Amino acid sequence: MKRFCVISGGPGTGKTFTVAKILALLLEQPGAEKIRIALAAPTGKAAARLQEAIKNSKEKLNCREEIKKLIPEEASTIHRLLGSVPDSPYFRHNAENPLSAEVVVVDEASMVDLALLSKLAQAVPPTARLILLGDKDQLASVEAGAVLGDICDTGKVHGYSQIFCDALKKITGEDVACPTEGGDGPGIKDSIVQLRRSYRFGAVSGIGEVSRAVNEGDGVRAMDLMKSGSYGDIQWKELPRPEGLPAVLKDRIIEGFSAYLKETDPAKAFDLFNQFRILCALREGPHGVHYMNLLVEQILKDEGLIKRDGRWYPGRPVMITRNDYNLRLFNGDVGITLPDPKLGNELRVFFPAPDGSVRTFPPLRLPDHETVYAMTVHKSQGSEFDQVLFLMPDRGVPILTRELVYTAITRAKEKVEVWGKEEVFKGAISRRIERISGLREALWE
């Protein structure tokens, strides 16, 4: 069978649980007890989420306890796995010095750019297994390429080859999708699994229905669904003029952020903070991240919820924007500024650790960072929030695509509000990310 596999699916389709079952099956093979497994993700935040997801999935597996114990829980960034060489684009592990792992699992593969995936593929031994997890319909990496979409040939439907179907029938006794086109086609088709059933967004979920319409490029249906009032978990709101935004957003901002600002326990503060987030398509302008963060701070200050006398104040949420391997703080990590009772209530920035504890740093020691009441949709990849307010710009821009809208909507677990203009929304749904990397052509043509 294949040593390369892609498991793609939207939120709640069970990608991590599926790979946990695969790892258990591999470890149950005779002589596989010492198999070396590496778990990785493109960012520190995504690696921490992968660790948590694997740990939770292991508990649900129907296998022996000794097998569960052999499944690793520690995940790293791809850069750390490959061994970054300071001030250099090269890594310690490459084709000449490959990784020692027999199985490499990479989560959030849609965020991996073409150059990094190429370096990873070269460092994976030819006899090892490489498993990519991700959502092919999500935004691609900010850097070059749309790797996962190209590998999966997004926009087209491919069945498995007849040889592959026959082999699966023989092994499992199950009938699977046979070829959908003439001939067996490219071999890559047998390496791709698309999980379609969402255990989070069912048939009665507005988020699920709208995200499906968005993926299909049906902006009219997506708009009708949001406007229908039939779903309680997704809502459309017409975007006011820029000068009207502060008054219209005031109550929503206070409702979304007031609870966590009253909490002094870091763990509880993180839980409350992740209940609500503002997502923007742009960084600049009246509907961009920079302005929105300033607006939120001003509203919270006017309400007496924060005491902002300077840059640092209790409750200030920050996102790291540059990796610092010495501090083990990575691009995308989010921390909250709180008084530390162990240090006479001196301000410290608390970051959640993968093991459930918290790590603290003096504010001045942090690498590059920014306030993060609002964040770009790109930066939200790999994150989930109970409720999301997605703020679209008032005019169409090239960055506003079907993939961006889909990613924004599916960051919400319970409810999402989409604020925008109808013609801008429909224009975005008609626009797809188009990047010519040569990967799709090499794999599928």
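Here a residue counts as buried when its relative accessible area is under 20%. Keep that cut-off in mind for the close-ups below, each of which shows part of a predicted model.

**View A. Glu 108, tucked into a loop with a positive phi.**
Start with the loop that runs between strand 4 (103–106) and helix 5 (114–123), where Glu 108 sits. Its relative accessibility is 13%, so Glu 108 falls on the buried side of the cut-off. The backbone is worth a look too: phi of Glu 108 is about 50 degrees, a positive value even though the residue is not a glycine. Most residues other than glycine have a negative phi.

**View B. Asn 345, another positive phi in a loop.**
Asn 345 isn't a glycine either, and its phi is near 65 degrees. You'll find Asn 345 in the loop that links strand 10 (334–340) with strand 11 (346–352).

**View C. Thr 371 and its partner Arg 316.**
Thr 371 belongs to strand 13, which covers residues 369–371. With 13% relative accessibility, Thr 371 is classed as buried. Its side chain makes a polar contact of 3.0 Å with the side chain of Arg 316. Leaving aside residues up to four places away in sequence, Thr 371 touches Asn 293, Glu 297, Arg 316, Pro 317 and Val 318. Arg 316 has a ring to deal with as well: its charged end sits over Trp 312, 4.4 Å from the centre of that ring.

**View D. Cys 5 and Cys 280, two buried cysteines.**
Cys 5 has a relative accessible area of 19%, so Cys 5 still makes it into the buried class. Cys 280 is buried as well, at 0% relative accessibility. If you're hunting for disulfides, a search of the whole structure finds 0.

**View E. Tyr 160 and Phe 164, a tilted ring pair.**
The count of aromatic pairs in this model comes to 8. In the one formed by Tyr 160 and Phe 164, the ring centres are 5.2 Å apart and the planes meet at 45 degrees, so the pair is called tilted. Tyr 160 is buried, at 17% relative accessibility. Phe 164 is buried too, at 13%.

**View F. Tyr 260 and Phe 273, a ring pair between two helices.**
The ring centres of Tyr 260 and Phe 273 lie 4.8 Å apart with planes at 55 degrees, so this pair is tilted. Tyr 260 comes from helix 10 (residues 245–261) and Phe 273 from helix 11 (residues 266–273), so the pair ties together parts that are 13 residues apart in sequence. Both Tyr 260 and Phe 273 are buried. Zoom out a little and ring pairs link Phe 257, Tyr 260, Phe 273, Phe 276 and Tyr 373 into a cluster. Arg 277 joins the scene by lying over the face of Phe 273, at 3.8 Å from the ring centre.

**View G. Strand 16, with parallel partners in strand 7 and strand 15.**
Strand 7 (residues 234–238) runs parallel to strand 16 (residues 412–420), and 5 bridges join them. Here Trp 236 stands opposite Val 418 of strand 16. Strand 15 (residues 385–391) also runs parallel to strand 16, this time with 6 bridges. In that pairing, Phe 385 has Ala 412 as its bridge partner.

**View H. Phe 385 and its neighbours.**
Phe 385 lies in strand 15, and with 2% relative accessibility this residue is buried. Its contacts, not counting residues up to four places away in sequence, include Asn 274, Arg 277, Leu 279, Met 375 and Ser 380. Arg 411, Ala 412, Lys 413 and Glu 414 touch Phe 385 as well. For a sense of scale, the C-alpha atoms of Phe 385 and Lys 237 are separated by 19 Å, and the two residues are 148 residues apart along the chain.

**View I. Helix 15 and what covers its buried residues.**
Helix 15 spans residues 422–429, and its buried residues include Val 424, Phe 425, Gly 427, Ala 428 and Ile 429. Their cover includes helix 8 (206–215), helix 9 (219–227) and helix 14 (402–409). Strand 7 and strand 16 also help cover the buried residues of helix 15.

Terms used:
Residues are numbered from 1 along each chain as its sequence is written. This is a predicted model: local features need pLDDT of at least 70, side-chain atom pairs count only at pLDDT 80 or more; totals for chains, interfaces and linings use all residues. Side-chain values use heavy atoms; hydrogens and water are left out. Helices (H or I, at least four residues) and strands (E, at least two) are DSSP runs, numbered from the N terminus. Buried means under 20% relative accessible area, exposed over 50%, partly exposed in between (1.4 Å probe, protein chains only). A polar contact is a pair of N or O atoms within 3.5 Å; within protein, one must be able to donate a hydrogen and the other to accept it, and residues adjacent in sequence count only if both atoms are side-chain atoms. Contact means heavy atoms within 4.5 Å. A disulfide is a pair of cysteine sulfur atoms within 2.5 Å. Rings of Phe, Tyr and Trp (its six-membered ring) pair if their centres lie within 6.5 Å; planes under 30 degrees apart count as stacked, over 60 as edge-to-face and the rest as tilted. A charge sits over a ring if NZ of Lys or CZ of Arg is within 6 Å of the ring centre and within 35 degrees of the ring normal. Two strands pair if DSSP finds at least two bridges between them.
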